[in-house]
Amino acid sequence: MNDYDTAARWIAVSRKAAAFTGAGISVESGIPTFRGPEGLWSRYDPKVLDLGYFYEHPKECWEVIKEIFYDYMGAKARPNAAHRLLAELEKRGKLQGVITQNIDNLHQEAGSRNVVEFHGTAQTLLCTECGDRTPFTEHDLSQLPPRCKKCGGLLKPDFIFFGEGIPPQAYRDSMALAEEADLLLVIGTTGEVMPASMIPFEAKQARVIEINVEPSANTEHRTDLFLQAKATEAAKELAERLGIEL
Ligand code: APR
């Protein structure tokens with residue numbers, strides 16, 4: 001009986017499992033993490049996602065935002081085995097939902113239905129004047145910054161920037177999923193960014209299975225079973241034991 005056998009058994013006996021994911025689950029879909037030596041913030045200045053700086057320098061910020069979040073992330077990235085495992089567990093009634101810090105829409109593209117986007121999404125653009133929301137696909141991102149077709153206002157991606165609050169409905173839905181969970185799959189997050197990092201601790205009744213290539217802030221303080229592996233590798237090991245074809 002190894003750790004994957006134990007993890008598969010915990011999933012099998014759980015009644016109200018949920019998942020909490022970070023950038024690490026999408027690395028094998030070609031989307032870099034934010035932190036770490038290969039992370040986005042080692043190549044780009046995070047000030048482009050500072051709301052105050054964005055309002056002062058919308059064109060400069062949008063050029064970087066487009067490169068990071070639309071040229072590859074919005075166009076070419078595809079869900080991987082880890083995204084598909086969570087979607088399949090939900091389809092089989094084993095997973096209540098996914099709370100994600102990611103804005104890449106890959107959980108939904110894998111077939112997950114109940115996805116709570118704690119940090120919002122890149123799929124829609126928000127008018128900073130009239131509040132209108134439109135799919136990014138309706139805008140020509142070769143003309144930057146994009147403008148609202150209704151009022152001409154400056155558009156921003158519909159995900160939270162540094163200095164912005166968590167979308168209230170997403171916050172409530174995340175806390176409800178966490179508080180009710182008897183098992184929480186924590187995949188690919190450093191657990192360093194507040195308030196998202198509170199979620200594993202809000203899941204007070206849950207056993208926590210963590211999947212990460214290296215220990216995180218959760219590993220010592222919250223995790224019950226640590227599977228040190230790439231998300232897709234761990235997903236395949238679990239799927240095999242749960243009789244799931246990925
Ligand atoms: N499989 C599993 N985990 C991985 C993999 C992989 N293939 N590759 C990297 N990881 C792990 C790293 O070890 C790290 O713990 O994924 C984590 C990525 O960390 P971050 O880049 O900090 O991402 P995350 O924790 O999701 O960041 C939270 O910070 O910048 C903000 O809003 C942004 O949502 C983001 C938030």
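Visitor: Which residue has a polar side-chain atom 2.9 Å from an oxygen atom of the ligand?

Guide: This is a predicted model, in which local features need pLDDT of at least 70 and side-chain atom pairs count only at pLDDT 80 or more, while totals for chains, interfaces and linings use all residues. Residues are numbered from 1 along each chain as its sequence is written, and side-chain values use heavy atoms, with hydrogens and water left out. A polar contact is a pair of N or O atoms within 3.5 Å; within protein, one must be able to donate a hydrogen and the other to accept it, and residues adjacent in sequence count only if both atoms are side-chain atoms. The residue with such a side-chain atom, 2.9 Å from a ligand oxygen, is His119.

Visitor: At what distance from an oxygen atom of the ligand does a backbone N or O atom of Phe34 lie?

Guide: The ligand also has a nitrogen atom 2.9 Å from a polar side-chain atom of Glu28. For Phe34, a backbone N or O atom is involved, and its distance from a ligand oxygen is 2.7 Å.

Visitor: What share of the ligand's accessible area does the protein cover?

Guide: Accessible areas come from the Shrake-Rupley method with a 1.4 Å probe; for residues, only the protein chains shown count as cover. On its own, the ligand has 740 Å² of accessible area, and the share covered by the protein is 91%.

Visitor: How many residues surround the ligand?

Guide: A residue is counted if one of its heavy atoms lies within 4 Å of the molecule. Ala23, Phe34, Arg35, Thr189 and Asn212 are the closest, and the full count is 21.

Visitor: Which strands stand at the edges of the sheet ordered S5-S4-S6?

Guide: Strands (E, at least two residues) and helices (H or I, at least four) are DSSP runs numbered from the N terminus, and two strands pair if DSSP finds at least two bridges between them. This open sheet has 3 strands with antiparallel pairing. One side of S5 (133-135) and of S6 (155-159) lacks a neighbour in the sheet because each has a single partner strand, so the edge strands are S5 and S6.

Visitor: Which residue of S5 is the bridge partner of Thr124?

Guide: Strand S4 (residues 120-127) and S5 run antiparallel and are joined by 3 bridges. The partner of Thr124 in S5 is Pro135.

Visitor: What is the average twist from one strand to the next in the sheet ordered S3-S2-S1-S7-S8-S9?

Guide: The sheet is open, with 6 strands paired in the parallel sense. Strands S3 (115-117) and S9 (225-228) each have a single partner, so one side of each is left without a neighbour. The twist averages 15°.

Visitor: At what angle to S2 does helix H6 run?

Guide: Axes are lines fitted to C-alpha atoms, for helices over the stretch in contact (heavy atoms within 4.5 Å), and angles run from 0 to 180 degrees between N-to-C directions. Helix H1 (residues 3-13) lies across S7 (183-187), S8 and S9, at about 125° to S9. Helix H6 (residues 168-180) lies across S1 (17-21), S2 (95-100) and S3, and its angle to S2 is about 135°.

Visitor: Where is Pro195 found?

Guide: A cis peptide bond, with omega about -5°, joins Met194 and Pro195. Pro195 belongs to the loop between S7 and helix H7 (199-202).

Visitor: What is the phi of Asn105?

Guide: Asn105 is in the loop between S2 and helix H5 (106-110). Although Asn105 is not a glycine, its phi is positive, at about 65°.
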